[in-house]
Amino acid sequence: MKIAWVTPFVRRSAIGRMSAAITDALSMRNHEVIVIRSERVRSESMSAHPSLSPTVWWHDVSPHYVEQQYDVIILNFGDNYDFHAGTLAFAEAVPCLGIFHDYYLYNFFNRCLAYRGLGEDIHEREVCLTYGESARSLAEKAWRNDAAVEEIAKVFPMTEWLGRRCGAALAHSQFYLYRLESSCPGPIAVAPLCFTGREVKPLLRRNESEFTITTIGVINPNKCVDAVIKSMVSSSRLRTNCRYRLVGAISDSERIRLQVLCRDVGFDQLDIVGEVDDATLVRELERADILMCLRKPVLEGASASAIEGMKSGRPIIVADAGFYAELPNDLVFKVPSSVDGSSLTNVLERLVSDENLRRETGAKARDWALRTFTAEAYVAILEGLMSQFVDSKPLLRVGQRIGQELASLGVVSGEPAIEQVAKKMHGLFGGDLGR
């Protein structure tokens with residue numbers, strides 16, 4: 001099959017890293033693949049991941065031309081418009097298969113409006129078209145930056161806004177599948193995220209009295225760093241015997257916020273390492289005794305850092321929500337989705353006290369993750385979805401044409417005519433629509 005793969009491909013993109021692994025696997029299975037870089041700004045200084053496939057920029061190709069030349073166009077969606085701007089150019093022009101790396105896509109949507117010079121009226125219109133009039137008051141607050149991320153994620157994450165622009169969709173966990181099923185008209189599938197872990201030495205027995213607790217990835221408020229700090233402060237054992245290291249890009253404002261918190265609570269065991277290269281990241285993973293993979297709220301479809309942590313053989317602590325809730329209970333350590341302080345303290349104290357528990361759970365998690373989150377497993381599911389999508393394209397075009405005709409006649413969503421047409425099409429095409 002001829003595949004056009006639209007993705008950010010700059011080296012610091014985790015989605016780009018996954019894309020390199022999957023496109024190479026597809027090429028090795030005799031598919032013809034071209035990688036189309038989706039970053040908003042074209043810059044030759046943004047070095048790309050190594051790849052077996054030719055690479056071009058979305059600025060240099062026409063979506064309609066690409067559709068004519070390739071069997072399927074695959075879009076990789078994430079909540080960073082600067083990385084994923086090119087995906088929307090394709091989604092708005094031609095039938096595509098969308099991979100939804102993030103469950104929460106509101107920032108992508110909002111930045112898109114800003115770059116296009118669109119205002120509050122369009123913002124509210126699109127939110128209400130997608131989620132109904134009941135979302136209007138929160139949309140107004142969100143536009144003024146008065147709404148919490150938790151509220152937005154619950155009411156209008158904008159997953160469906162992009163879902164309805166795709167002819168097929170792939171999710172990385174079950175928890176947001178219903179949003180794609182309710183918005184995307186074509187076939188849907190779920191595949192465990194493929195993420196190639198780095199070569200990290202197994203967790204060894206520690207002779208040191210000091211333990212290292214680590215968070216990796218972009219450090220932002222939803223990583224619950226403040227909850228970990230408060231938990232460590234509340235425990236004399238954690239406060240005395242543990243250091244907490246943050247390894248990943250961090251904004252100046254977040255750095256200052258955490259430093260102020262540490263000063264206020266009297267915590268001096270925090271090391272803000274910042275963004276690092278691959279070799280340094282490996283050393284930080286090897287130094288870690290426990291990895292924190294907390295999220296509140298959960299915004300991603302799956303977590304590369306959690307998978308990386310499991311593949312490194314370190315015990316990981318997660319919030320019992322979203323993708324993390326679907327991980328086996330005996331392979332990770334879960335705290336309530338509220339990231340309750342006492343629960344977090346109890347889990348940390350238990351892990352610090354029990355070396356065998358750390359080592360054995362980490363080893364079991366590593367073996368499971370190495371079997372589960374593989375390019376082979378991902379490609380097997382993706383190939384089936386691509387075939388379904390290609391087969392359903394003619395029927396999707398019929399549905400789109402009928403929808404356009406109904407809209408031109410003034411028929412709006414919710415009217416009886418819509419349901420009647422949908423039932424008729426289902427009777428004519430049935431399961432061939434992939435649903």
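In what sense do E8 and E11 pair, and over how many bridges? I looked this up at the outset, working from a predicted model. E8 and E11 pair in the parallel sense, and two bridges connect them.

**Entry 1. The sheet that holds E8 and E11**

I traced the strand order and read E10-E9-E8-E11-E12-E13, an open sheet of six strands with parallel pairing. At the edges I found strand E10 (270-274) and strand E13 (333-335), each of which pairs on one side only. From one strand to the next I noted an average twist of 25°. For the pair E8 and E11, I recorded Ile213 opposite Ile290 in E11.

I then asked which strands H10 lies across. The list I obtained is E8, strand E9 (242-247), E10 and E11, and H10 runs at about 170° to E9. I noted this direction as roughly antiparallel, because the angle is over 145 degrees.

The loop between strand E8 (211-216) and helix H10 (225-233) contains Cys224. I read a phi near 65° for Cys224, which is positive although the residue is not glycine. Is Cys224 buried or exposed? I entered Cys224 as buried, because its relative accessibility is 4% and the cut-off for buried is under 20%.

**Entry 2. A cis peptide bond**

I next looked at the loop between strand E11 (290-293) and helix H14 (304-311), where Pro297 lies. The peptide bond that joins Lys296 and Pro297 is cis, with omega at about -5°.

**Entry 3. The sheet of seven strands**

I traced a second order, E3-E2-E1-E4-E5-E6-E7, and recorded an open sheet of seven strands, again with parallel pairing. Strand E3 (55-57) and strand E7 (188-190) each have a single partner strand, so one side of each has no neighbour in the sheet. I noted a twist that averages 20° from one strand to the next.

At the E3 edge, I found strand E2 (residues 32-37) joined to E3 by three bridges, the two strands running parallel. Arg37 stands opposite Trp57 in E3. I then examined helix H1 (residues 14-28), which packs on the sheet and touches strand E1 (2-7), E2 and strand E4 (72-77). The direction of H1 makes about 170° with that of E1. Helix H3 (residues 81-91) lies across E1, E2 and E4, and I read about 140° between H3 and E4.

**Entry 4. His49**

I located His49 in the loop between E2 and E3. His49 counts as buried because its relative accessible area is 11%, under the 20% limit. Which residues is His49 in contact with, leaving aside its neighbours within four places in sequence? I listed Phe9, Val10, Arg11, Ser13, Gly16, Arg17 and Ala20. I also looked up Ser338: it is 289 residues from His49 in sequence and 37 Å away in space, C-alpha to C-alpha.

**Entry 5. H6 and its surroundings**

I turned to helix H6 (residues 136-143) and found its buried residues to be Leu138, Ala139 and Ala142. They lie on the same side of H6, because the arc they cover around the axis is only 105°. I set beside this the general rule that residues three or four places apart in an α-helix point the same way, because there are 3.6 residues a turn. The buried residues of H6 pack against helix H4 (106-115), helix H5 (120-131) and helix H7 (149-155). Just after H6, I noted a positive phi of about 60° at Asn145.

I followed H7 onward to Met158, in the loop between H7 and helix H8 (159-163). Met158 is not a glycine, yet its phi is positive, at about 70°. I entered Met158 as buried, because its relative accessibility is 0%.

**Entry 6. H16 against H17**

At what angle do H16 and H17 pack? For helix H16 (residues 341-353) and helix H17 (residues 355-372) I read about 95°, with the axes 5 Å apart. The two helices are therefore roughly perpendicular to each other, since that term covers 65 to 115 degrees. On the H16 side I listed Arg350, Leu351, Val352 and Ser353, which meet Glu355, Leu357 and Arg358 in H17. By class, I recorded three nonpolar, one polar and three charged residues in this contact.

Methods: Residues numbered from 1 in each chain as written. Predicted model: local features only at pLDDT ≥ 70, side-chain atom pairs only at ≥ 80, totals over all residues. Heavy atoms only, no water. Axes fitted to C-alpha atoms, helices over the stretch in contact; angles between N-to-C directions. Helix = DSSP H or I, 4+ residues; strand = E, 2+ residues; numbered from the N terminus. Parallel < 35°, antiparallel > 145°, perpendicular 65-115°, else oblique. Contact = heavy atoms within 4.5 Å. Nonpolar A, V, L, I, M, F, W, Y, C, P; charged D, E, K, R; others polar. Pairing = 2+ DSSP bridges. Buried < 20%, exposed > 50% of the residue type's maximum accessible area, 1.4 Å probe, protein only. Arc of directions from axis to C-beta.
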